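Here's a quick briefing to read alongside the model. Have the sequence and the coordinates open as you go.

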Amino acid sequence: MQLARVIGTVVSNQKDPSLSGLTFLLLRLLDVNNEEQGSYVVAIDAVGAGVDEVVMFATGSSARQTLVTQNRPCDAVVMAIVDEWEVEGTPKYRKTSSDDLWAS
Amino acid sequence: MQLARVIGTVVSNQKDPSLSGLTFLLLRLLDVNNEEQGSYVVAIDAVGAGVDEVVMFATGSSARQTLVTQNRPCDAVVMAIVDEWEVEGTPKYRKTSSDDLWAS
Amino acid sequence: MQLARVIGTVVSNQKDPSLSGLTFLLLRLLDVNNEEQGSYVVAIDAVGAGVDEVVMFATGSSARQTLVTQNRPCDAVVMAIVDEWEVEGTPKYRKTSSDDLWAS
Amino acid sequence: MQLARVIGTVVSNQKDPSLSGLTFLLLRLLDVNNEEQGSYVVAIDAVGAGVDEVVMFATGSSARQTLVTQNRPCDAVVMAIVDEWEVEGTPKYRKTSSDDLWAS
Amino acid sequence: MQLARVIGTVVSNQKDPSLSGLTFLLLRLLDVNNEEQGSYVVAIDAVGAGVDEVVMFATGSSARQTLVTQNRPCDAVVMAIVDEWEVEGTPKYRKTSSDDLWAS
């Protein structure tokens, strides 16, 4: 899997019938320091991710191992929204939630 | 998936029998700003895409998950024609249609 | 799929038994302008391609979707000999055939 | 497979249900001289690897061939902890164990 | 497939149980002129290859299509020892055998 930030969405009306109703997310890849890389991928959303969220995506046949994507022509799936990660004991990313009222 | 523009077609008469009647499209990869990249891929068309259209394609075993491509030696399929996408709320591509008479 | 030119062959006697009798072709990758790239791949021939011919090859599990390669440890197959391709309406490659006597 | 060092972990609460309870490891890729490369991957742990350990990981559909990962949207798995490797007869890495009391 | 030279071995005791007894070979990739490239891969041996031998390896799900590797978390397999290859009619590599007593 790779880490990425959702930067947008792709709209398509004329597509393989099995893809009807699915959301195509534009992902910008992140390095382990949470810095954006040049490359991107379009992935189908399996976890309700929104723009600006940091996520993990899986590729290849593994991208079809969710209920949302099985048997579909999909080679990348967002299968997790990331809460945090750390490198050598140092936090590199932590999700901040507007729902997290008790944190203030 | 990746975004791409259809730039041409490939013709082959001597090929695996399972590929008979399929259309091979030459795709130029696009970045998220709709600028053409150096790399290309040859993909089988599953959605009736034509030259100059902007599309999405899927690779690997996922490229065989359409009725057109199943069980065929095909590692890339055009599975959607793109209508539009946006990045950080800014439209980066919007399809213009010559059929779209009421838009003028 | 990618476009390539057959530049040679690889001989192996000590190999997985399922590969017995198959032909390993050395392919030089081509760009869309028919210029050779630095990278190569070794692919199994499924269509009777010869040295100097321009072909398409498929990779991954899709490389096992021919009668020649099914269930074999093969991750690249030549599944088509290319007759021609064009980019933006301009022919970039056209096969010339020594059998094509009536063309002179 | 590739060699890598475990440099951290990724935490996700909102994810595909099939991934519940699994550990996501951040891996820094190593070259054959045991020097860290720029690239990374997030892999699911199938062997109880911890931070700082040197491991091997497998990708693609092969990443689903462990009891831990089968049928899950997982494209990279840590399937071995490395004890040592050598290149041209020269050891390039040897695991040191704090349990290895009799070695002192 | 790609061409490679076996440059070493990797030892792992703590690994997925299905990998027990298999040999992990360190491979240095070769170009078509038999020159070593910077990249490497760790592959499971399916043909009895030894250090310094020139081999071919297959990747992805195709790496599991040998008796040795089937159903295992293995994404690269040495499936052939190379005897020779040629490019544009010129031999670029020919195996020399110490068993080949009658050749002297």
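What follows covers confidence, chain contacts and strand pairing.

Keep in mind that this is a predicted model. The predictor gives the complex an ipTM of 0.92 and a pTM of 0.94. Chain A and chain D are in contact, with 26 residues coming from chain A and 25 residues from chain D, while chain A and chain E do not touch.

**Confidence in chain A**

- Chain A has a mean pLDDT of 94, and 92% of its residues are at 70 or more.
- The stretch to be wary of is residues 99-104 of chain A, where pLDDT stays under 50.
- For those residues, 99-104 of chain A, the model has zero contacts beyond four places in sequence.

**Where chain A meets chain D**

- Chain A puts 26 residues into this contact, and chain D puts in 25 residues.
- On the chain A side, strand 1 (2-11), strand 5 (54-59), strand 6 (76-81) and strand 7 (84-87) each bring at least two residues to the side that touches chain D.
- By type, the residues on that side of chain A split into 15 nonpolar, seven polar and four charged.
- There's strand pairing across the chains too: strand 6 of chain A runs antiparallel to strand 2 (residues 14-15) of chain D, and two bridges join them.
- If you want a spot to look at, A:Ile81 sits opposite D:Gln14 in strand 2 of chain D.

**Chains that stay apart**

- Chain A and chain E don't touch, and their nearest C-alpha atoms are 10 Å apart.
- Chain B and chain E don't touch either, with their nearest C-alpha atoms 10 Å apart.

**Strand 3 of chain C and its partners**

- Strand 3 (residues 24-30) of chain C is mostly covered, with five of its seven residues buried.
- One partner is strand 1 (residues 2-11) of chain C, which is antiparallel to strand 3 of chain C and joined to it by six bridges.
- Within that pairing, C:Val6 has C:Leu27 in strand 3 of chain C as its bridge partner.
- Another partner is strand 4 (residues 36-45) of chain C, also antiparallel to strand 3 of chain C, and six bridges link the two.
- Here C:Leu30 stands opposite C:Glu36 in strand 4 of chain C.
- Strand 3 and strand 4 of chain C make a hairpin with five residues between them.
- In the turn of that hairpin, C:Asn34 has a positive phi of about 70 degrees.

Key: Residues are numbered from 1 along each chain as its sequence is written. Chains are lettered from A and ligands numbered from 1 in the order in which they are written. This is a predicted model: local features need pLDDT of at least 70, side-chain atom pairs count only at pLDDT 80 or more; totals for chains, interfaces and linings use all residues. Two residues are in contact if their C-beta atoms, placed from the backbone, lie within 7 Å. Helices (H or I, at least four residues) and strands (E, at least two) are DSSP runs, numbered from the N terminus. Ala, Val, Leu, Ile, Met, Phe, Trp, Tyr, Cys and Pro count as nonpolar, Asp, Glu, Lys and Arg as charged, and the others, Gly among them, as polar. Two strands pair if DSSP finds at least two bridges between them. pLDDT is the predictor's confidence in each residue, from 0 to 100. A residue is buried if 20 or more other C-beta atoms lie within 10 Å of its own, exposed if 12 or fewer, and partly exposed in between; C-beta atoms are placed from the backbone.
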